[in-house]
Amino acid sequence: MFSAIYLVCLAGEPCKFFVDPLPYPTEEVCELEAMNIIARNMNRTLTGEIPPFKAEHQCISWDKA
């Protein structure tokens, strides 16, 4: 199993870590879902729902946690 961990930075604020509560069966599924989540939130910045941000993610295996 894999979990996605995000580092999200907003202008003028400290960066924050977030952990996706959903487990993913493979690293590939985790990577795809993490990129989709970031893309959906980027689209929300275009509509003004949330402020602009920068985000990085990493998928971590439960075996290595």
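I take contact to mean heavy atoms within 4.5 Å, and I apply this to a predicted model.

**Entry 1, Ser3.** I looked up the partners of Ser3 and, leaving aside its neighbours within four places in sequence, found it in contact with Cys30, Gln58, Cys59, Ile60 and Trp62. Ser3 has its place in strand 1, which covers residues 2–10, and its side chain makes a polar contact of 2.9 Å with the side chain of Trp62. I then checked the accessibility of Ser3, which is 15% in relative terms, and because buried means under 20%, I entered Ser3 as buried.

**Entry 2, the sheet.** I traced an open sheet of three strands, whose order is 2-1-3 and whose pairing is antiparallel. Strand 2 (16–19) and strand 3 (53–61) are the edge strands, each of them pairing on one side only, and from one strand to the next the twist averages 25°. Between strand 1 and strand 2 I noted four bridges in the antiparallel sense, and Tyr6 has Phe18 of strand 2 as its bridge partner. Helix 1, residues 27–46, packs on this sheet and touches strand 1 and strand 3, its direction making about 165° with that of strand 3.

**Entry 3, charged side chains.** Side chains of opposite charge can pair when their charged atoms come close, so I searched for such pairs. The count came to one salt bridge, in which the side chains of Glu49 and Arg44 meet at 3.3 Å, N to O. I also compared these residues with the accessibility classes: Glu49 counts as exposed at 53% relative accessibility, whereas Arg44, with a relative accessible area of 33%, is partly exposed.

Definitions and conventions
Residues numbered from 1 in each chain as written. Predicted model: local features only at pLDDT ≥ 70, side-chain atom pairs only at ≥ 80, totals over all residues. Heavy atoms only, no water. Buried < 20%, exposed > 50% of the residue type's maximum accessible area, 1.4 Å probe, protein only. Polar contact = N/O pair within 3.5 Å; in protein donor to acceptor, adjacent residues only side chain to side chain. Salt bridge = Lys/Arg side-chain N within 4 Å of Asp/Glu carboxyl O. Pairing = 2+ DSSP bridges. Axes fitted to C-alpha atoms, helices over the stretch in contact; angles between N-to-C directions.
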